[in-house]
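Colleague: Could you take me closely through one part of this model, a loop residue and its surroundings, and then connect that part to the helices, pockets and cavities elsewhere in the chain?

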Amino acid sequence: MRNPLNSYIEAVPPSGIRKFFDMVAEMDDPDVLSLGVGEPDFDTPWHIRGVGINTLTEGKTFYTSNSGLMELRREISKYMAKRYDIEYDPASEVLITVGGSEGIDACIRAMLDPGDEMIIPEPCFVSYKPCAVFAGAKPVVIDLKAENEFRLTPEELEAAITPKTKLVLLTYPNNPTGAVMRKEDLEKIAKVIIDHDLFVLSDEIYSELNYASDGPSTSIASLPGMRERTVVINGFSKAFAMTGWRMGWAAGPSAVIKQMMKIHQFAIMCPPTMSQYASIEALRNGLDDVTYMKNEYNGRRKFLLKRFAEMGIPCFNAQGAFYLFPCIKKFGMSSDEFAEKLLAEQKLAVVPGSAFGRSGEGFLRISYAYSLKSLEKSMDRIEKFIANHS
């Protein structure tokens with residue numbers, strides 16, 4: 001019998017993050033704590049939920065335009081202009097997607113031909129490399145360094161470029177490291193991009209969670225010469241605590257958005273209607289909620305940095321998202337071994353850094369999208385664990 005499977009998809013291993021989630025589920029133990037999930041512990045603010053509920057009661061349950069409600073696309077255009085100083089035409093340069101994840105996949109498929117190369121700096125979230133492989137493209141990994149605070153340098157980018165390079169991934173603030181790129185860092189990267197006539201996929205889903213700034217992170221699309229070379233992916237999941245609503249967007253050159261919309265049109269049709277109306281409310285009246293949650297995360301971040309320092313575990317001062325990336329190399333265990341033993345002995349689940357690429361080996365991803373009480377208990381368990389293994 002012939003193999004019925006697509007060879008590209010068959011060759012991609014499952015997510016390394018899921019392994020530890022499955023282990024926790026199999027334990028079925030109420031004493032297990034987890035710092036593994038990258039999901040806000042806050043409920044979606046009531047005024048946003050209320051709009052979603054009213055949408056159902058009012059019977060607004062039909063398909064919208066494939067590109068999404070024009071009203072929502074206009075709000076996104078206003079938001080991008082106000083927060084990032086970038087102008088987008090809501091009619092042709094904004095696409096509403098089912099979460100940021102769909103936007104990432106559609107962007108990669110719309111831009112890359114088989115054999116093209118996509119530069120992917122790691123550690124990074126697990127989806128980019130598989131999406132490139134699914135498109136028949138070649139992922140080219142840059143191993144970022146802790147001594148550079150996991151920022152991409154122009155020298156590293158220059159060294160990875162070949163005649164087949166077409167697309168460069170930027171994902172800042174970063175999951176899993178919490179790293180950010182300052183405007184001056186991005187300006188150096190932009191010069192390399194322009195000099196080599198490349199394009200950028202900029203995943204900015206955590207851009208509002210930047211603790212080094214009162215506002216969001218700088219978008220590379222706002223720099224001279226970069227708007228026409230960049231597709232920005234963003235959404236509502238992280239900043240607005242709307243993960244289950246599955247709402248994201250892509251903003252970029254109309255030629256790219258048109259082809260992304262074609263993929264979206266045939267594969268998805270349109271995002272959930274009630275989620276789109278709720279997202280309009282989020283953009284119009286939800287930024288104070290974002291500020292409140294950001295301040296709460298920042299307090300947790302500072303608490304964890306202090307505890308890791310007291311335990312003698314190196315951890316750079318991450319400035320974004322809601323993750324820390326402590327280094328556990330001195331304990332003589334691989335990331336997987338450390339995480340598995342921590343779960344077995346102290347009933348605490350974390351994600352090994354190796355799940356996010358080879359340069360994540362020797363690190364752990366710690367999410368602080370949990371209550372301070374849970375974080376305190378978790379740090380006590382880590383402290384006890386390392387005391388037993390010193």
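Modeller: D197 is partly exposed, because its relative accessible area of 48% falls between the limits of 20% and 50%. This is a predicted model, and in it D197 is found in the loop between α8 and β6, where the residue has a positive phi of about 55° although it is not a glycine. D197 is also one of the residues in contact with R229, whose other partners, leaving aside neighbours within four places in sequence, include I193, I194, L198, F199 and V200. R229 itself lies in the loop between β6 (199-203) and β7 (230-235), and at 16% relative accessibility R229 counts as buried, whereas D197 is partly exposed. The side chain of R229 reaches the backbone oxygen of L198 at a distance of 3.0 Å.

The loop between β6 and β7 also holds S207, which counts as buried because its relative accessibility is 1%. Not counting residues up to four places away in sequence, S207 touches Y84, P173, P216, S217 and N234. Of these partners, P173 is found in the loop between β5 (165-171) and α8 (183-195), and a cis peptide bond with omega of about -10° joins Y172 and P173. Y172 and S217 both appear in the lining of the largest cavity, together with L170, T171, M181, L186, S202, E204, T218 and I220, and the volume of that cavity is about 70 Å³. Another cis peptide bond joins E122 and P123, with omega of about 5°, and P123 has its place in the loop between β3 (117-122) and α6.

A positive phi also belongs to M269, at about 85°, although M269 is not a glycine. M269 sits in the loop between α9 and α10 (273-285), and with a relative accessible area of 35% M269 is partly exposed. The helix that M269 follows, α9 (residues 254-267), has 14 residues and reaches 20 Å from its first C-alpha to its last, close to the 20 Å expected at 1.5 Å a residue. V256, I257, M260, I263 and H264 are buried in α9. Seen down the axis of α9, the buried residues fall within an arc of 120°, so they line one face of the helix. The face turned away from that buried side carries the exposed residues A255, K258 and F266. Among the elements that cover the buried residues of α9 are β2 (94-97), α5 (99-111), β7 and β8 (248-251).

Of these covering elements, α5 is itself mostly covered, with 10 of its 13 residues buried; among them are G99, G100, E102, I104, D105 and M111. The end C-alpha atoms of α5 are 19 Å apart, which agrees with the 18 Å that its 13 residues should span at 1.5 Å a residue. Helix α5 also contributes to the largest pocket, since α2 (16-27), α5 and α6 (128-134) each supply at least two residues of its lining. About 950 Å³ of space lies in this pocket, and of the 42 residues that line it, the closest to its centre are S15, I17, F125, V126 and S127.

Technical notes
Residues are numbered from 1 along each chain as its sequence is written. This is a predicted model: local features need pLDDT of at least 70, side-chain atom pairs count only at pLDDT 80 or more; totals for chains, interfaces and linings use all residues. Side-chain values use heavy atoms; hydrogens and water are left out. Helices (H or I, at least four residues) and strands (E, at least two) are DSSP runs, numbered from the N terminus. Buried means under 20% relative accessible area, exposed over 50%, partly exposed in between (1.4 Å probe, protein chains only). A polar contact is a pair of N or O atoms within 3.5 Å; within protein, one must be able to donate a hydrogen and the other to accept it, and residues adjacent in sequence count only if both atoms are side-chain atoms. Contact means heavy atoms within 4.5 Å. The expected span of a helix is 1.5 Å times one less than its number of residues. The arc is that of the directions from the helix axis to the C-beta atoms. On a 1 Å grid over the protein atoms alone, a cavity is a set of points where a 1.4 Å probe fits but cannot get out, and a pocket is an open set with protein on both sides within 12 Å along at least five of seven lines; lining residues have an atom within 4 Å of a point. Grid points are joined across faces, edges and corners, and a volume is the space filled by probe spheres set on the points.
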